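Colleague: Could you walk me through this model and tell me how each label was earned?

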Amino acid sequence: MATSERRSAAARLAAHASWAQTTDRKARTRNATQASPVSLAYWVDRLRGEREYASEDDLHAAARNALSAEMSRRALAGADARKSRQAGRPGRAA
């Protein structure tokens with residue numbers, strides 16, 4: 001049986017080989033990017049499913065606010081983790 005280091009090295013090699021053959025990187029990652037909470041499209045889809053908005057402009061404004069709130073939450077979590085590490089306590093992952 002292969003060691004975990006060997007499996008990791010083989011997976012890394014396969015990933016690099018695969019990306020080397022990819023001609024349109026944006027197309028390859030588009031679905032994952034749009035499904036990510038760091039994407040405006042994610043928040044538009046999520047908010048559209050939760051309630052109705054008076055207009056698409058209102059929906060997009062709310063989605064921008066939701067994205068900003070998510071980024072602020074992540075920034076605060078990161079700051080808390082750094083502060084914990086500086087104090088000698090392990091921080092929790094965000």
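Modeller: Happy to! Keep in mind that this is a predicted model. Let's start with Tyr-42, which is partly exposed at a relative accessible area of 21%.

Colleague: Why is Tyr-42 called partly exposed?

Modeller: Buried needs a value under 20% and exposed one over 50%. Tyr-42 has 21%, so it falls in between and counts as partly exposed.

Colleague: And what makes Trp-43 buried?

Modeller: Its relative accessibility is 9%, which is under 20%, so Trp-43 counts as buried.

Colleague: How do you know that Tyr-42 and Trp-43 form an aromatic pair, and what makes it edge-to-face?

Modeller: The ring centres are 4.9 Å apart, within the 6.5 Å cut-off, so the two rings pair. Their planes meet at 85°, which is over 60 degrees, so the pair is edge-to-face. The structure holds one aromatic pair.

Colleague: Which residues join Trp-43 in the largest nonpolar core?

Modeller: That core has seven residues: Trp-43 with Val-44, Leu-47, Leu-59, Ala-63, Ala-66 and Leu-67. Both α3 (40-50) and α4 (56-86) supply at least two of them, and α4 gives the largest share, four residues. Leu-59 also touches residues further off in sequence, among them Val-44 and Leu-47.

Colleague: What about the overall fold, and why is the protein called more spread out than a compact globule?

Modeller: The protein has four helices and zero strands. For 94 residues the globule rule gives 12 Å, while the radius of gyration is 20 Å, well over that value, so the protein is more spread out than a compact globule. Of its 94 residues, 16% count as buried.

Key
Residues are numbered from 1 along each chain as its sequence is written. This is a predicted model: local features need pLDDT of at least 70, side-chain atom pairs count only at pLDDT 80 or more; totals for chains, interfaces and linings use all residues. Side-chain values use heavy atoms; hydrogens and water are left out. Rings of Phe, Tyr and Trp (its six-membered ring) pair if their centres lie within 6.5 Å; planes under 30 degrees apart count as stacked, over 60 as edge-to-face and the rest as tilted. Buried means under 20% relative accessible area, exposed over 50%, partly exposed in between (1.4 Å probe, protein chains only). A nonpolar core is a set of buried Ala, Val, Leu, Ile, Met, Phe, Trp, Tyr and Cys residues joined through side-chain atoms within 4.5 Å. Helices (H or I, at least four residues) and strands (E, at least two) are DSSP runs, numbered from the N terminus. Contact means heavy atoms within 4.5 Å. The radius of gyration is taken over C-alpha atoms; the globule rule is 2.2 Å times the number of residues to the power 0.38. Lists of a residue's contacts leave out its neighbours within four places in sequence.
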